[in-house]
Amino acid sequence: MCLLQLQLVGVFLVLASFSCSPWTVWGSSYCNRINLKEVRPHSVSITEFGAVGDGITLNTKAFQNAIFYLNSFADKGGAELFVPAGRWLTGSFDLISHLTLWLDNDAVILGSTNSEDWPIVEPLPSYGRGRELPGGRHRSLIYGRNLTDVVITGNNGTIDGQGSIWWDKFRNKTLGYTRPHLVELMNSTGVLISNVTFLNSPFWTIHPVYCSHVTIQNVTVIAPHGSPNTDGINPDSSDNVCIEDCYISTGDDLISIKSGWDGYGISFGRPSTNINIRRLIGKTTSAGIAIGSEMSGGVSEVHAEDIYIFNSRSAVRIKTSPGRGGYVRNVYISNMVLANVDIAIRFTGLYGEHPDDNYDQEALPVIERITIKDVIGEKVKRAGLIQGIKGDNFVNICLSNITLHVTSKLPWNCSYVKGYSDLVSPEACEPLNERISPEHCSDCCYVPNHLTSLGNQNSGAWV
């Protein structure tokens, strides 16, 4: 066990020993361990289709042909595409249902540096246009839609987007279309991504959108801290998502939960809900766990625990704006350790960024029942910058058992918010100063009856 893990385990045991208020903490019934020992009955190697792992030969056709062949086994128990050690250069390719993409140790899938190898696809209906530019967007390197039972895993192989050419185009304002993600799965269910390292995504790294029952376990996501918008994992208008045992170090949010952009997201109307995050370690130039800013379809039932954020701009952030509509509610974040973080808790009500000028300025977001508890932090500049919207207060913001060693003489800055706090140091800002009493429990935490805590089942894996 590494020293960092030993330190974190000790900290979490200390946090768990505190006697908390009489809140009930919901657990996660969505983070069930997946049995990777269930072998697909059919397997082929990418080399059987002429692929060459020299890092130079373009293997797009080999990947496409292999997956086309394996599609014939979809109704026969599914199939596995094995990627052996080597550097396998490719453009964008599609996955299919009942498929396992298995990367062996020392296998590296490399994204082509030619933008023509990343086709243009239609914008997402919940965004109405490309996120960066009007019109379409480049398709992700690994892409799939309308799938069931799809797995990306292996013996810690690597998927490298070689994103620097895309970052340069963004900085130089020479993009023709919105940059591609590294992995995007749409309208899919039964998704597992595990035991893979993701490097240098052109844009967001892992993007499940309009998906159900998604599990992301034991992955590493890395991009340089100067790389623009290289978010780690972005569940988007998706439900029953489990993210656990991940290390992420990127140029933007480690995890960002989304659900559509302004009127397009409101009209599409698919929320992100039942999102569970456990045992996350990471650093970023942005936020550790973020919600928004695209949250117009709604975000709710978010549970995050055992989080270590270091050398980062903020730990928890909610981003929204007039015109977004939608809601963020029933968010519970606990057992968090911070080190060298600029702002521990940041809510931004005037984030801006709209797809066009036709957004409804009267479409105000609802931000309510956000609970953050059991947090310790060292070398934190500011405890909180919590800014709601005039005429649209963020309400029932609850802070408990938080101890931060801050360097700023003004640790809190709060406006247009209302909530409660208990055992918070430095003392919370005036709008959050009312003590949490038993009659406020329903304001601070929503506890679905159908969730059963599995929090201790995977403690061995964390240790």
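**Figure 1. The whole chain at a glance.** Buried residues account for 60% of the 463 residues in the protein chain. The model shown here and in the views that follow is a predicted one. Six helices and 29 strands make up the secondary structure of the chain. Of the contacts between residues at least 6 apart in sequence, 77% bring together residues at least 24 apart. The chain exposes about 17,500 Å², and carbon and sulfur atoms supply 50% of that area. Look out, too, for the salt bridges: the structure holds 21 of them, and several appear in the close-ups below.

**Figure 2. The largest nonpolar core, with Leu-338 in view.** This core has 94 residues. Those touching the most other members are Leu-81, Leu-95, Leu-101, Ile-159, Phe-198, Ile-277 and Leu-338. Strand 24 (residues 327-348) is the element that gives the most to the core, contributing nine residues. Pick out Leu-338 and look around: leaving out residues up to four places away in sequence, Leu-338 touches Ile-309, Ala-315, Ala-344, Val-375, Ile-376, Gly-377, Glu-378, Val-380 and Leu-404. A further core of nine residues lies apart from the largest one, and its members include Tyr-127, Val-209, Tyr-210 and Trp-261. As a reminder, nonpolar side chains in soluble globular proteins tend to be buried together.

**Figure 3. An open sheet of four strands.** The strand order is 5-10-13-16, and the pairing is parallel. Strand 5 (93-94) and strand 16 (206-209) form the edges, each pairing on one side only. Starting from the strand 5 edge, two bridges join strand 5 to strand 10 (residues 142-145), and these two strands run parallel. To find the spot, look for Phe-93, which stands opposite Ile-142 in strand 10.

**Figure 4. Strands 25 and 27 side by side.** Strand 25 and strand 27 run parallel and are joined by four bridges. A handy landmark is Gln-387, which sits opposite Ser-415 in strand 27. Strand 27 (residues 412-415) has two contrasting faces: Trp-412 and Cys-414 are on the covered one, while Asn-413 and Ser-415 are on the uncovered one.

**Figure 5. Two buried aspartates, Asp-374 and Asp-422.** Asp-374 belongs to strand 25 (residues 366-387). With a relative accessible area of 5%, Asp-374 counts as buried. What does its side chain meet there? The side chains of Asp-374 and Asn-401 are joined by a polar contact of 2.7 Å. Asp-422 is found in strand 28 (residues 417-425). Asp-422 is buried as well, because its relative accessible area of 14% falls under the 20% limit. Asn-401 appears again here: setting aside neighbours within four places in sequence, Asp-422 is in contact with Leu-399, Ser-400, Asn-401, Arg-435 and Ile-436.

**Figure 6. Salt bridges from the loop between strand 8 and strand 9.** The side chains of Arg-131 and Glu-353 form a salt bridge, with N and O 2.6 Å apart. This pair links distant parts of the chain, 222 residues apart: Arg-131 is in the loop between strand 8 (120-121) and strand 9 (137-138), and Glu-353 is in the loop between strand 24 and strand 25. Arg-131 is buried at a relative accessible area of 16%, whereas Glu-353 counts as partly exposed at 42% relative accessibility. Glu-132 makes a salt bridge with Arg-179, and their closest N and O atoms are 2.6 Å apart. Glu-132 lies in the loop between strand 8 and strand 9 and Arg-179 in the loop between helix 3 (164-172) and strand 13 (183-186), so this bridge ties together parts that are 47 residues apart in sequence. Glu-132 and Arg-179 are both buried.

**Figure 7. A buried lysine-aspartate pair and a charged network.** Lys-319 and Asp-253 meet through their side chains in a salt bridge of 2.8 Å, N to O. Lys-319 is in strand 23 (residues 299-319) and Asp-253 in the loop between strand 19 (239-250) and strand 20 (255-257), which puts the partners 66 residues apart. Are they buried or exposed? Both Lys-319 and Asp-253 are buried. Then turn to a wider arrangement, in which Glu-244, Asp-245, Arg-278, Arg-279 and Glu-305 are linked in a network of salt bridges.

Technical notes
Residues numbered from 1 in each chain as written. Predicted model: local features only at pLDDT ≥ 70, side-chain atom pairs only at ≥ 80, totals over all residues. Heavy atoms only, no water. Buried < 20%, exposed > 50% of the residue type's maximum accessible area, 1.4 Å probe, protein only. Polar contact = N/O pair within 3.5 Å; in protein donor to acceptor, adjacent residues only side chain to side chain. Contact = heavy atoms within 4.5 Å. Pairing = 2+ DSSP bridges. Core = buried A, V, L, I, M, F, W, Y, C linked by side-chain atoms within 4.5 Å. Areas by Shrake-Rupley, 256 points an atom, 1.4 Å probe, with all protein chains shown as cover. Salt bridge = Lys/Arg side-chain N within 4 Å of Asp/Glu carboxyl O.
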